[in-house]
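Please open the structure in a viewer and keep the selection tool at hand. The tour below proceeds from selection to selection and states what is found at each stop.

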Amino acid sequence: MTVVAPTLALERKLLAEYDLIISLDEVGRGALAGPVAVGASVMDAAGSRRRVPEGLRDSKLVTERRRPDVAARAAAWVQASGVGWATAAEIDEGGIMRALGLAASRAIDAVVALGASLDGALVILDGNHDYVSRVHPASLQVRSVIKGDRDCASVSAASVIAKVARDTHMAELHADHPAYQWDRNKGYASPEHRAAIRDTGLSPLHRASWAIADAPTLF
């Protein structure tokens, strides 16, 4: 399979119209447990002329061993970055799309707190659905870009930053819930994870509204 290296071609084109680009990508949408996370990276015209870090790809195309280094270099490369979160309880309460919107809104707030301005900014959202505009309290200009995490370097940066942050978080949660092996599966539906759910039941960090397994909850 040919791996496509992301470029800044779209970002440079858009930065002729906008002062700033805030690129978003989500991780953890399909997990059975833990939060969903959205990474945000900020790019301006000057930054778009800088060379894309070597090895930067959509997080799914970077090996787990290499991701922390790539994420660190991506964070140093962009003008600002942040991660927003929505909990399993928020996913159960409002559904996954609203939770993605909450996480994306919080990611935007994180980079605004670092100095990014929404005035004259365009939000690039990976995928084909704008899940943030209805949730964020301020008006946003949003463009959804299919395969943005593959093709747009700023979205790839957001992707790998969010992936490393969420994987680290799930590994930390493993200490209190070792049966589910979250240090290995990061909350996704591995055979071992499903077996532990059948044997132990659901933890408070599982997405209980999902049809995970015929198992009792622990709360």
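Which residue is the bridge partner of Ile 22 in β4? Select Ile 22 and then Val 123: Val 123 is that partner. The coordinates form a predicted model.

**The sheet**

From this pair, extend the selection to both strands. β1 and β4 run parallel and are joined by five bridges. Next, add β5, which also runs parallel to β4 and is connected to it by four bridges. On this side, Val 123 has Val 142 of β5 as its bridge partner, and Ile 124 stands opposite Arg 143 of β5.

Now display the complete sheet. It is an open sheet of five strands with mixed pairing, in the order β3-β2-β1-β4-β5. At its edges are β3 and β5 (142-145), each of which pairs on one side only. Neighbouring strands of this sheet are turned against each other by 25° on average, with direction ignored.

**Strand β4**

Isolate β4 and inspect each face in turn. Is Ile 124 buried or exposed? Ile 124 is buried, together with Leu 122 and Asp 126 on its side of the strand. On the other side, Ala 121, Val 123 and Leu 125 are buried as well. Since six of the six residues of β4 are buried, the strand is largely enclosed by the rest of the structure.

**Helix α4 and the largest nonpolar core**

Bring α4 into view. This helix lies across β1, β2, β3 and β4, and runs at about 150° to β3. Then select the largest nonpolar core, which has 26 residues. Those touching the most other members are Ile 22, Leu 24, Val 36, Val 38, Val 42 and Ile 108. At least two residues of this core come from each of β1 (20-27), β2 (36-44), β3 (80-86), α4 (96-113) and β4 (121-126). Which element supplies the largest share of this core? That element is α4, with eight residues. In soluble globular proteins, nonpolar side chains tend to be buried together.

Centre the view on Leu 24 and show its surroundings. Beyond its neighbours within four places in sequence, Leu 24 is in contact with residues including Val 38, Ala 104, Ala 107, Ile 108, Val 123, Leu 125 and Val 155. There is also a second, separate core of 23 residues, among them Ile 21, Leu 56, Val 70 and Val 145.

**The annotated positions**

Select Asp 25, Glu 26 and Asp 126, which an unreviewed UniProt entry lists under "binding site". These positions are spread over 102 residues of sequence, yet they cluster in space, with a largest C-alpha distance of 8.0 Å. Display the largest pocket as well: its lining takes in Asp 25, Glu 26 and Asp 126.

Focus on Asp 25, in strand β1. At 3% relative accessibility, Asp 25 counts as buried. Leaving out residues up to four places away in sequence, Asp 25 touches residues that include Ala 37, Val 38, Gly 39, Asp 126, Asp 149 and Ser 159.

Move from there to Asp 126, in strand β4. Its relative accessible area is 16%, and Asp 126 is therefore buried, the cut-off being under 20%. With residues up to four places away in sequence again set aside, Asp 126 touches Leu 24, Asp 25, Val 145, Lys 147, Gly 148, Asp 149 and Val 155.

**Two lysines with positive phi**

Follow the contact from Asp 126 to Lys 147. Lys 147 is situated in the loop between β5 and α5 (148-151). Although Lys 147 is not a glycine, it has a positive phi of about 60°. Most residues other than glycine have a negative phi. Lys 147 is partly exposed, at 45% relative accessibility.

For the last stop, select Lys 186, in the loop between α7 (182-185) and α8 (191-200). Lys 186 is not a glycine either, and has a positive phi of about 55°. Is Lys 186 buried or exposed? Lys 186 is buried, with a relative accessible area of 7%.

Notes:
Residues are numbered from 1 along each chain as its sequence is written. This is a predicted model: local features need pLDDT of at least 70, side-chain atom pairs count only at pLDDT 80 or more; totals for chains, interfaces and linings use all residues. Side-chain values use heavy atoms; hydrogens and water are left out. A nonpolar core is a set of buried Ala, Val, Leu, Ile, Met, Phe, Trp, Tyr and Cys residues joined through side-chain atoms within 4.5 Å. Buried means under 20% relative accessible area, exposed over 50%, partly exposed in between (1.4 Å probe, protein chains only). Contact means heavy atoms within 4.5 Å. UniProt positions are given in the numbering used here, feature names are shortened, and annotations may be inferred rather than shown by experiment. On a 1 Å grid over the protein atoms alone, a cavity is a set of points where a 1.4 Å probe fits but cannot get out, and a pocket is an open set with protein on both sides within 12 Å along at least five of seven lines; lining residues have an atom within 4 Å of a point. Two strands pair if DSSP finds at least two bridges between them. Axes are lines fitted to C-alpha atoms, for helices over the stretch in contact, and angles run from 0 to 180 degrees between N-to-C directions.
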